[in-house]
Amino acid sequence: MKNVHLVIADLFLPQEIAAEVCAGLSVPCTEMMLARGCRVASQDISLESRLCELFGMPGAGSVPIAPLSAAFDGLADGNWLRADPVHLSLRREQMVLLPDVAVNAEEAAQWCDALNAHFAGQGMAFFAPHPQRWYVRLEESSRIETVPLSRAAGRNVHDLLPGGDDAMHWHRVFNDIQMLLFAHPLNEAREARGELPVNSVWLWGYGEGRAALQPSYESVVSDDVLAAMLAGAAEIPFLEWPARWHDTESDGRQLLLWTGLRRALRQGDLRAWRDALQDFELNHARPLWQALRAGKIGQLQVEILSGDTSRGWQLKRADSWAFWRRARPLAEGAMV
């Protein structure tokens, strides 16, 4: 029988805005999943770390995904570090990181050429096989500890810079990159067009060669590229997030990971967040709930990742009929 693990990013909003944003939402199936499920232990973890855990990646706590990601983007095996383009905004003496800066392939190539010229002879080479995913290949291993980009997004980066025995070296690299990009002519042109300049990169995901994975799923369905990377590396079927979830004849354990709410929240578009959630309720939560009640799903595990916290629930068919476990409004699950 099919078992489904549903992971949703940012279903719970910050407490100060949850009641207002969720007012008038009609998401009964989503709310019943949370009300009638049996709670499992919460944990402090990022989305990237949790995905690495779910795929049995060694060293998952440090999220060593750069070699796997590099292979996905057509680069050779080696010691890799992600160096994704970002904008750092000075706000009241804080340097706040803004991810997902729109960059085209030509700009990415020019910036990497400039970085390679600056760091020539220092044992590192920059690559941009994808405009939003840049990499550094290191000739020698490094003792570096990093924070995933999603955890740094929207935060002051002061306390999130690389750590570990080689931290000071990477702090100098980070500063050099900022100075180089700040003065680059491409950024002058972007600002003239009213676009955010790329004035830094975020260093994260260091790993030494591709790790062997031990997934516990027979299939993965997601709108997240890291899930696609992990599924590909594990050689298990991957499907893009569908317009509507449909039950299939195949048995086994299926991972469903949805990040549509996170994208809307990062963009500060709360209307888009509401619209995405209403669509999820109709086209995903409802058919999943109906399949569970009909006995077509043996177990449904629901996991909500908000900020750096994971909360989970497990449901079997009998739980779906436990009418005495009354659903509460979604806003009551807000992050404190």
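**Helix 2, helix 11 and the sheet**

Let me start with one contact in this structure, which is a predicted model: on the helix 2 side, Pro28, Cys29, Thr30, Met32, Met33 and Arg36 take part, and they meet Phe280, Glu281, Ala285, Arg286, Leu288, Trp289 and Arg293 of helix 11. If we sort the residues of this contact between helix 2 and helix 11 by character, we get 8 nonpolar, 1 polar and 4 charged.

Now to the geometry. Two packed helices are described by the angle between their axes together with the distance between those axes. For helix 2 and helix 11, the latter spanning residues 270–293, the axes come within 8 Å and cross at roughly 45 degrees. Angles from 65 to 115 degrees would count as roughly perpendicular and those under 35 degrees as roughly parallel, so helix 2 is oblique to helix 11.

Let me turn to the sheet, which is open and is formed by 7 strands in the order 2-12-11-1-10-8-9, with mixed pairing. At the edges we find strand 2, residues 38–44, and strand 9, residues 238–240, each of which pairs on one side only. From one strand to the next, the twist averages 15 degrees.

Helix 2, residues 28–36, also packs on this sheet, where it touches strand 1, strand 2, strand 11 and strand 12, and its direction makes about 85 degrees with that of strand 12, residues 309–316.

Finally, which strand do 8 bridges join to strand 1? That is strand 11, residues 297–306, which runs parallel to strand 1, residues 2–9; looking at a single position, Ile8 has Ile304 in strand 11 as its bridge partner.

How values were computed
Residues are numbered from 1 along each chain as its sequence is written. This is a predicted model: local features need pLDDT of at least 70, side-chain atom pairs count only at pLDDT 80 or more; totals for chains, interfaces and linings use all residues. Side-chain values use heavy atoms; hydrogens and water are left out. Two strands pair if DSSP finds at least two bridges between them. Helices (H or I, at least four residues) and strands (E, at least two) are DSSP runs, numbered from the N terminus. Axes are lines fitted to C-alpha atoms, for helices over the stretch in contact, and angles run from 0 to 180 degrees between N-to-C directions. Contact means heavy atoms within 4.5 Å. Angles under 35 degrees count as roughly parallel, over 145 as roughly antiparallel, 65 to 115 as roughly perpendicular and the rest as oblique. Ala, Val, Leu, Ile, Met, Phe, Trp, Tyr, Cys and Pro count as nonpolar, Asp, Glu, Lys and Arg as charged, and the others, Gly among them, as polar.
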